[in-house]
Each structure stands twice: as structure tokens, then as C-alpha cells.
Amino acid sequence: MDLKVKAGDILKDKSDAAVLTAFEGEAMSGILKDADKALGGVISDGVKSGEFTGKPGEMLLLHTAKELKGGPARLLVVGLGKKDKLKADSLMRASGTAARKLRKLGCKEVVFSVDESAGLTITRSAMHWAQGALLGLYTYDTFKAVDKDKKEIKKLTLMVADRSALKGAEEGAKTGRLISESVCYARDMINAPANEMTPTIMAERAKRAAKDVGLRYKSLEASDCRKLGMGSFLAVAAGSVQPPKLITLEYSGGKRGEKPVVLVGKAITFDSGGISIKPVSGMEKMKYDMSGGAAVIGVMRAAAALKLPVNLVGLVPASENLPSGSAYKPGDVVRAMNGKTIEIISTDAEGRMVLADALCYSERYKPRAIIDIATLTGGCVVALGDQAIGLMGNDSALNSAILDAGSKTFERAWELPMWDEFLEPMKGDVSDLRNAAGREAQTITAGKFLEEFVPKGVAWAHLDIAGVAWEEKGMAYIPKGARGTGVRLLLEYLMAGA
Ligand code: BES
Ligand code: MN
Ligand code: ZN
């Protein structure tokens with residue numbers, strides 16, 4: 001889809017549809033008032049009848065070809081909700097809702113009115129409008145028969161009223177487009193079935209991203225990992241015929257010699273549970289157990305495309321978790337790269353095993369901060385549902401920066417306590433650690449386990465995205481399936497000058 005920014009009068013610009021917004025319970029103002037006048041008061045009629053109140057996601061559609069000659073053939077008014085409650089999410093929701101509605105109607109060229117909405121600069125506003133539409137229009141049809149009559153919006157124009165806003169809006173639209181493309185790059189990997197997204201294929205995707213935007217790419221093979229002493233990562237991979245990959249991506253946009261931020265993403269391309277096998281029901285979903293790794297690849301891709309002034313490293317330990325004659329078993333004891341031994345209690349607690357060695361490996365980059373992201377525990381789904389990322393860490397400044405980025409992007413995080421007592425259940429009888437304990441505080445005990453592998457003295461945060469990686473129902477800018485959670489959040493964190 002072609003995304004453009006223009007300055008001018010949206011009511012005089014020829015298109016299949018023009019999108020205007022209204023706040024809940026506010027009198028009509030600006031362009032909406034002009035439109036109402038030009039249409040002989042039909043918008044006011046819709047408001048008076050109570051059909052349109054401006055609630056979030058509410059829409060009023062009018063055919064305007066006769067009244068607005070040479071202008072838009074339709075006018076779609078979208079509700080933004082209450083003005084004092086306006087968030088980035090309100091704009092993205094309005095944008096996604098409108099874009100999907102107009103695509104469904106068969107519109108090919110659409111124009112969205114964009115202005116400096118309450119508290120947001122024109123740049124941020126344009127960014128969110130672009131993101132809402134691009135993320136909302138995402139589809140995954142790689143394995144669907146080709147639809148010859150597929151409806152598609154070919155051109156989306158963001159229209160500002162005044163030329164002075166043009167530069168800011170263009171910048172915002174560009175940022176929004178680059179971020180959305182990387183979210184969708186991650187979504188494509190996550191939505192892909194596990195037979196089409198093995199560790200090897202994921203490494204190829206990372207390599208392609210690296211080539212497209214200019215990142216350094218390297219993949220550590222099983223033999224490399226063995227030499228490095230990654231007994232924990234390799235234990236998980238032992239049950240599969242698919243070779244594991246520790247994908248590494250590096251981006252140097254910051255000052256020479258400046259310590260990097262290291263991002264670590266869990267990439268279990270299929271989690272059957274292994275010998276501690278999962279129940280049949282819903283197991284097919286465990287193809288999305290590589291969502292953390294996909295997010296890291298997405299962030300690295302966007303960071304380079306956006307030329308962010310930071311040094312960044314992405315580490316993605318990728319493996320399948322399957323039962324077989326060579327699989328790791330409950331009771332096995334393995335040694336991670338930092339020398340710590342781990343007794344396997346459940347082979348289904350594999351995420352922390354692959355992350356453990358990747359965290360150890362991050363030490364060589366002398367990181368200034370480490371953030372890992374993983375679909376780690378079912379307990380996190382129980383605790384926070386599909387609304388919040390579980391945030392744990394050892395540094396309050398890093399945690400608050402992430403919480404802040406979360407509320408700005410609406411990829412919201414919620415902090416869980418990391419008291420020392422939560423490590424107790426993870427201590428082993430025959431080993432230093434065990435990989436699973438009881439159900440109590442499962443998300444936190446997993447976090448405490450990971451902390452044992454974080455290089456000494458480094459600020460670290462852990463994001464458990466088990467509950468927010470997959471969309472069951474479909475929302476305005478998050479269609480059913482992979483959400484691509486974490487890409488926008490981490491980019492926001494990095495753009496804030498992490
Ligand atoms: N990938 C799962 C966690 C998960 C569950 C993600 C549901 C998304 C939705 C993880 O590898 C796992 O199986 N965790 C176990 C840990 C337990 C054995 C300590 C779990 O949550 O039951
Ligand atoms: Mn598992
Ligand atoms: Zn898993």
C-alpha cells in the first residue's frame with residue numbers, strides 16, 4: 001500500500017472515502033463542522049438521533065459523491081472517545097477500524113484527516129494514524145488459495161490542513177510505516193506454521209532482515225554452542241532433528257565504544273512440552289512460542305531502518321522442543337555456560353533453559369542493559385490475561401522506562417515482585433538449580449531462575465509475553481493471530497533515548 005502525506009482540504013480531495021474524527025460528547029468543530037454544513041446537516045442529524053455519539057470505534061458512514069463534487073465519494077466519521085482520555089491507542093484504534101471498514105467496502109483510495117490531537121504532536125499523531133491502518137490491514141494468507149477478488153486499499157493519504165504541519169506529519173508517517181513493517185515482519189514469522197518456521201528458516205529470515213536494512217548477522221551452530229558450554233540450550237534441542245540456531249544480530253547506530261543494549265528473545269519454534277508432553281487441546285498454538293525471538297528480530301530490523309542512535313545486539317536462541325529417544329528427560333542434570341548446573345524437573349520449562357545460555361552469552365558484549373522477551377509461563381496468562389506483559393527485573397530505572405514505553409504504545413507492562421524468597425523453590429537438591437517448581441508464583445520463579453544467568457552488575461529486565469503474544473478475537477489494529485507484541489514497546493523504549 002502506498003502511504004502519502006498531503007496538505008489541503010480533505011473535502012475537496014478526490015478519493016473513495018475521507019475519514020474524519022469526533023470526540024465523544026463534544027460539539028462539532030473544524031473540518032467536521034465544515035463537512036456538516038456542506039452536507040446540509042446530515043452529520044448533526046446522526047448525532048441528534050443518537051446514532052453517532054463519538055464513542056471509541058463508533059462509525060457514521062455517508063455517501064457524499066453528489067454533495068462533494070470532485071471530493072470524497074464517502075465520508076466516514078469515527079469516534080475517538082472522550083477528549084481527556086485520548087491516548088495513542090485511541091488514534092490507532094480509530095485508524096485501524098476505519099481502514100478495515102473501508103477495505104471491506106472495496107475502497108481503493110482513502111484519505112485520513114490528521115491533526116495535532118490533544119497532547120500529541122503532529123509527528124506522533126501521524127505516526128499512530130499510519131500504524132493503526134497498516135497494522136489493522138495486516139493479513140496472513142501465505143497458505144490460502146489466491147483470492148482474485150481480494151479487496152485492498154491501494155493508497156492511503158494522511159491529510160493535514162496546513163502546510164506548516166507537513167514536515168512533521170511526513171516524519172511521523174515514515175516512522176509509523178517502518179515500525180509497522182517490522183511488526184508485520186515479526187507477525188509473519190509467528191503466524192507461520194512450525195513446519196515452515198524451523199530454527200533454520202527463522203535464521204534465514206533474520207539474515208534477510210539483516211541484508212535489507214544493514215545489520216551484522218551471525219548464527220551460532222550446535223557445534224559452536226557446544227564449544228561455548230551451552231549445555232542448557234543444547235539440552236532442549238536434543239529431542240529434535242532440526243538443528244538449533246543461536247541467531248545474533250548487531251547494529252551500531254550509537255557512538256563508537258558505547259555499550260550496547262542486548263535484546264534476548266525466546267524462539268521455541270514449536271513447544272510440544274517434550275517428554276513432559278502437553279495436552280492435545282491447543283497444542284497447535286505452540287507454534288507461537290517463538291514470539292519473543294520474532295519481536296527481537298523485528299526490533300533490530302526497525303532500529304536499523306529508523307537509524308536509531310543506539311548500539312544494539314539481538315540474541316535469538318531458536319530450537320524445537322520435542323520428545324524423542326534423544327530428548328532431554330526429567331531428572332537429567334545439565335550445565336549452563338556460566339557453570340551452573342540445572343536439574344530438569346519438567347522438559348516443558350524449556351524457555352528458561354534456552355534463555356539461560358543466551359543471557360550468559362550476552363556478557364561478551366559488555367551490555368549496558370539486557371532485556372529478554374519470552375512467552376515463558378502459562379502462569380502469566382492466568383495472572384495478567386491478554387492485557388499485560390509481566391515485567392520483572394533487577395533495576396528500577398530500567399523497569400520504569402519500560403513501564404513508560406508500555407503505556408505510550410499501549411503494549412502495557414505490569415511489574416511483579418522479585419524478592420529473594422522467590423528463588424528458594426528453584427534451588428536444587430542434586431544441582432545448583434532446578435528448572436521448575438510448583439505452580440505458585442510460576443511467572444516470578446521463572447524470572448528468578450533467569451536472573452541467575454544474567455551477567456553480574458548489569459541492569460536486566462524480563463518481559464513475559466505469554467498472555468499477549470496471540471490475539472484470539474481480533475481487534476482494530478490487531479487482527480486474529482500473531483500480535484507482534486514487544487516490537488513497538490521496545491522501539492519506544494529505545495527511541496526515548498534508553
Ligand atoms: N511456552 C510455554 C508457556 C506458555 C503457555 C506460553 C501458554 C503461551 C501460552 C512454556 O514453555 C511452558 O510450557 N511453561 C510451563 C512451565 C512449567 C512447566 C514450570 C507452564 O507454563 O506450564
Ligand atoms: Mn514449554
Ligand atoms: Zn515454551
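The manganese ion (ligand 2) takes its protein donors from Asp 271 (OD), Asp 348 (O and OD) and Glu 350 (OE), at 2.1 to 2.2 Å. The model is a predicted one. A zinc ion (ligand 3) sits 3.1 Å from the manganese ion, and Asp 271 coordinates both metals. The points below cover the two metal sites, the largest pocket and the surroundings of Asn 399.

**Manganese ion (ligand 2)**

- Six donor atoms surround the manganese ion, with angles of 70 to 167° among them, and the site is irregular.
- Along the chain, the manganese donors are spaced as D-x76-D-x1-E.
- Asp 271 belongs to strand β10 and Asp 348 to the loop between β13 (341–343) and α10 (351–361), so this pair ties together parts that are 77 residues apart in sequence.
- Asp 348 has a relative accessible area of 24% and is partly exposed.
- Asp 271 is buried because its relative accessibility is 3%, under the 20% limit for that class.

**Zinc ion (ligand 3)**

- Lys 266 (NZ), Asp 271 (OD), Asp 289 (OD) and Glu 350 (OE) coordinate the zinc ion at 2.0 to 2.4 Å.
- The zinc site is octahedral, and the angles among its six donor atoms run from 78 to 176°.
- The spacing of the zinc donors along the chain is K-x4-D-x17-D-x60-E.
- Two of these donors link distant parts of the chain: Asp 271 is in strand β10 (residues 267–271), while Asp 289 lies 18 residues away in the loop between β10 and α9 (291–305).
- Asp 289 counts as buried, with a relative accessibility of 2%.

**Largest pocket**

- The largest pocket holds about 990 Å³ of space.
- Its lining has 43 residues, and those nearest the pocket centre are Lys 278, Thr 377, Gly 378, Gly 379 and Gln 442.
- Two or more lining residues come from each of α11 (378–384), α13 (442–451) and β19 (470–471).
- Helix α11 provides the largest share of the lining, at five residues.
- By type, the lining residues of this pocket are 18 nonpolar, twelve polar and 13 charged.

**Asn 399**

- Asn 399 is part of helix α12 (residues 396–409).
- The relative accessibility of Asn 399 is 3%, so this residue counts as buried.
- Leaving aside residues up to four places away in sequence, Asn 399 touches Leu 391, Met 392, Gly 393, Glu 415 and Ala 461.

Note on methods:
Residues are numbered from 1 along each chain as its sequence is written. Chains are lettered from A and ligands numbered from 1 in the order in which they are written. This is a predicted model: local features need pLDDT of at least 70, side-chain atom pairs count only at pLDDT 80 or more; totals for chains, interfaces and linings use all residues. Side-chain values use heavy atoms; hydrogens and water are left out. On a 1 Å grid over the protein atoms alone, a cavity is a set of points where a 1.4 Å probe fits but cannot get out, and a pocket is an open set with protein on both sides within 12 Å along at least five of seven lines; lining residues have an atom within 4 Å of a point. Grid points are joined across faces, edges and corners, and a volume is the space filled by probe spheres set on the points. Helices (H or I, at least four residues) and strands (E, at least two) are DSSP runs, numbered from the N terminus. Ala, Val, Leu, Ile, Met, Phe, Trp, Tyr, Cys and Pro count as nonpolar, Asp, Glu, Lys and Arg as charged, and the others, Gly among them, as polar. Donors are N, O and S atoms within 2.8 Å of the metal (3.2 Å for Na, K and Ca); water is not among the atoms, so sites may look incomplete. Four donors count as tetrahedral if all angles lie between 85 and 135 degrees; four count as square planar and six as octahedral if opposite donors are over 155 degrees apart and all others between 65 and 115; anything else is irregular. Buried means under 20% relative accessible area, exposed over 50%, partly exposed in between (1.4 Å probe, protein chains only). Contact means heavy atoms within 4.5 Å.
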